[in-house]
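The paragraphs below lead through a predicted model, taking up a loop residue, a long-range look at one helix and the packing of a helix pair in turn. Please keep the sequence and the coordinates in view while reading.

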Amino acid sequence: MSGTAGNLSARQADGSYWITASGKHKGELTRRDFLRLHPGGELLARGRAGDRPSAEWCLHDAVYGLFPEAGACFHVHTVASNVVSRLAAAQLPLPPIEMLKGLGVADERPEVAIAVFANHALVPAIAAEVKARFRAAPPRLPGFLIRDHGLTVWGPDWRAALNHLELFDFIFQCLLAARGAGLGW
């Protein structure tokens, strides 16, 4: 994660979650750089006076509301996720490579896509679209893209969410490298 971009959260047994405060460098986080939010965004605890959650808290809130198994959610602004987000309108087909197994796709000839959402100046509009689409058709993969914005992933704990993040980034880099070399996918 570059500088202060992105945000990380972990859900607690009571449904509340700890999320990084806005504007914090992710390579220098301490316990005091997290805020505790109740589902819906009510602030329950603050590490430092004046800290506030990022506008993207509502993406984490949407994930936790949609997926009871989600124990951690990461939202990042990587180069690869921003570039591949421009390759498709609503669903980006992913290449049928081995790394999909780490995302729960063990099909012999996998045909799977990651959801792509439009970016909006007001992040709650993105979260509303995520909720509406995923309630109607739950995703097969533990992540989604926001065009020209980034990637959001989740998992049962922070290790799984980090693994999903790394796998998606690897797949995106393969997809971009293949297209740059004039190969299929």
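Asp148 is found in the loop that joins E8 to E9, and its backbone merits a look in this predicted model, since phi there is near 55 degrees, a positive value in a residue that is not glycine. The relative accessible area of Asp148 is 37%, and because values between 20% and 50% count as partly exposed, Asp148 belongs to that class.

The two strands flanking this loop, E8 (143-146) and E9 (150-155), are among the elements against which the buried residues of helix H4 pack, together with strand E5 (72-76), helix H2 (79-84), strand E6 (91-93) and strand E7 (113-117). H4 itself covers residues 158-180, and its 23 residues reach 33 Å from the first C-alpha to the last, close to the 33 Å expected at 1.5 Å a residue. Its buried residues include Ala161, Leu165, Phe168 and Phe172, as well as His164 and Asp169. In general, an α-helix has 3.6 residues a turn, so residues three or four places apart point the same way.

A helix pair comes next. Helix H1 (residues 57-66) packs on helix H3 (residues 123-136) at an angle of about 20 degrees, with the axes 8 Å apart; because an angle under 35 degrees counts as roughly parallel, H1 and H3 are described in that way. The crossing of H1 past H3 is right-handed. On the H1 side the contact is made by Cys58, Leu59, Ala62 and Leu66, while H3 contributes residues including Val123, Ile126, Val130, Lys131, Phe134 and Arg135. Taken together, the residues of this contact comprise ten nonpolar and two charged ones, with no polar residue.

Technical notes:
Residues are numbered from 1 along each chain as its sequence is written. This is a predicted model: local features need pLDDT of at least 70, side-chain atom pairs count only at pLDDT 80 or more; totals for chains, interfaces and linings use all residues. Side-chain values use heavy atoms; hydrogens and water are left out. Axes are lines fitted to C-alpha atoms, for helices over the stretch in contact, and angles run from 0 to 180 degrees between N-to-C directions. Helices (H or I, at least four residues) and strands (E, at least two) are DSSP runs, numbered from the N terminus. Angles under 35 degrees count as roughly parallel, over 145 as roughly antiparallel, 65 to 115 as roughly perpendicular and the rest as oblique. A crossing is left-handed if the near helix is turned anticlockwise from the far one by less than a right angle, and right-handed if clockwise. Contact means heavy atoms within 4.5 Å. Ala, Val, Leu, Ile, Met, Phe, Trp, Tyr, Cys and Pro count as nonpolar, Asp, Glu, Lys and Arg as charged, and the others, Gly among them, as polar. The expected span of a helix is 1.5 Å times one less than its number of residues. Buried means under 20% relative accessible area, exposed over 50%, partly exposed in between (1.4 Å probe, protein chains only).
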